[in-house]
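Student: Could you pick one part of this structure and take me through it slowly? I'd also like to see how that part sits within the whole chain.

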Amino acid sequence: ASASTVSSQTLDSYEEGTWTPSLSSGGSSITVDASNCVYTKIGRLVTCSIEILNIVSPNSGTFQVSGLPYTTGSFMEGAQPMMYHSVQIPSGRSQLNIYTPSNQTYFRVYASGNNIAWVALNGNNFGTTCYMIATFSYQANS
């Protein structure tokens, strides 16, 4: 293995930083607390935190936040719960989860429930007075 391959697969490959989330669908923009939009990368594991204070001009587009610090890996990551308030959850669902699709730099929010299909939320589900805070992890593409 090359030195770069070995480095990215060991614990000495460590990085901390900030990331700049932006709304790519579901409204015109989001307001975030930048001091709480941070990440840590150890090897290929990236753990991000985000605090969204509101959405500007929400619409019916899928709620999608771009700007992840690294492209996601080539396989589906598990959904991860978040804290929120002032969010309209679709009928029959009881939990919201962050989902990071393969080979992307964004995440979406899905609602789940018991014996009912997952559904992606749109900007209108969040409205202008929503609040969301989450920490989630994914495996980087490289």
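Tutor: Happy to, and let's begin with the outside of the whole chain: about 7100 Å² is exposed, and carbon and sulfur atoms supply 49% of that area. Please keep in mind throughout that this is a predicted model. The chain has 142 residues, of which 37% count as buried. Its secondary structure comes to 2 helices and 12 strands. Reading from the N terminus, the order is α-β-β-β-β-β-β-β-β-β-β-β-α-β; in other words, a helix opens the series and a strand closes it. Contacts also reach across the sequence: among those between residues at least 6 apart, 68% join residues at least 24 apart.

For the close look, I suggest strand 9, which covers residues 95-99. Start with its surroundings: 4 of the 5 residues in strand 9 are buried, which leaves the strand mostly covered. Strand 9 pairs with strand 7 (residues 80-81) in the antiparallel sense, over 2 bridges. In that pairing, Pro81 has Asn97 of strand 9 as its bridge partner. Strand 9 also runs antiparallel to strand 10, and here 5 bridges join the two. There you can find Tyr99 standing opposite Arg108 of strand 10. When you follow such a strand in the viewer, a general rule may help: in a regular strand, side chains alternate between the two faces of the sheet.

Now follow the turn out of strand 9. Strand 9 and strand 10 form a hairpin, with 6 residues between the strands. Asn103 in this hairpin takes a positive phi near 55 degrees.

Next, step across to strand 7, where Gln80 is placed. Gln80 counts as buried because its relative accessibility is 18%, and the cut-off for buried is under 20%. Leaving out residues up to four places away in sequence, Gln80 touches Leu96, Asn97 and Ile98, along with Thr135, Phe136 and Ser137. The side chain of Gln80 also reaches the backbone oxygen of Ser137, at 2.5 Å.

From here we can widen the view to the interior. In soluble globular proteins, nonpolar side chains tend to be buried together. The largest nonpolar core in this chain has 28 residues. Those touching the most other members are Trp19, Ile50, Phe63, Phe107, Val109, Phe126 and Phe136. Strand 9 is one of the elements that each supply at least two residues of this core, together with strand 5 (45-56), strand 10 (106-113) and strand 12. Strand 5 gives the most, with 5 residues. Notice that Phe136 has now turned up twice: it is touched by Gln80, and it is in the group with the most core neighbours. Phe126 is another good residue to click on. Setting aside residues up to four places away in sequence, Phe126 touches Ile55, Phe63, Met82, Ser86, Val87, Val109, Leu121 and Met132.

Just past Phe126, which ends helix 2 (123-126), comes the loop leading to strand 12 (131-139), and Thr128 is found in that loop. Thr128 counts as partly exposed because its relative accessibility is 47%. Beyond its neighbours within four places in sequence, Thr128 is in contact with Asn54, Ile55 and Pro58. Thr128 and Gly27 are 101 residues apart along the chain, yet their C-alpha atoms are separated by 9.5 Å.

For another place to compare, try Ser24 in strand 2 (residues 22-25). Ser24 is partly exposed, with a relative accessible area of 39%. Apart from residues up to four places away in sequence, Ser24 touches Gln64, Val65 and Ser66. Ser24 is also 38 residues from Thr62 in sequence, with 9.0 Å between the C-alpha atoms.

One last check concerns the cysteines. A disulfide is a covalent bond between the sulfur atoms of two cysteines. The count here comes to 0 disulfides. Why is Cys37 not bonded? The closest cysteine sulfur, in Cys48, is 9.4 Å from that of Cys37, so it is too far for a bond. Cys37 is buried, with a relative accessible area of 0%, and Cys48 also counts as buried, at 0% relative accessibility.

To finish, go back to strand 9 in the viewer and trace its two pairings, with strand 7 and with strand 10.

Conventions
Residues numbered from 1 in each chain as written. Predicted model: local features only at pLDDT ≥ 70, side-chain atom pairs only at ≥ 80, totals over all residues. Heavy atoms only, no water. Buried < 20%, exposed > 50% of the residue type's maximum accessible area, 1.4 Å probe, protein only. Contact = heavy atoms within 4.5 Å. Areas by Shrake-Rupley, 256 points an atom, 1.4 Å probe, with all protein chains shown as cover. Disulfide = S-S within 2.5 Å. Core = buried A, V, L, I, M, F, W, Y, C linked by side-chain atoms within 4.5 Å. Pairing = 2+ DSSP bridges. Polar contact = N/O pair within 3.5 Å; in protein donor to acceptor, adjacent residues only side chain to side chain.
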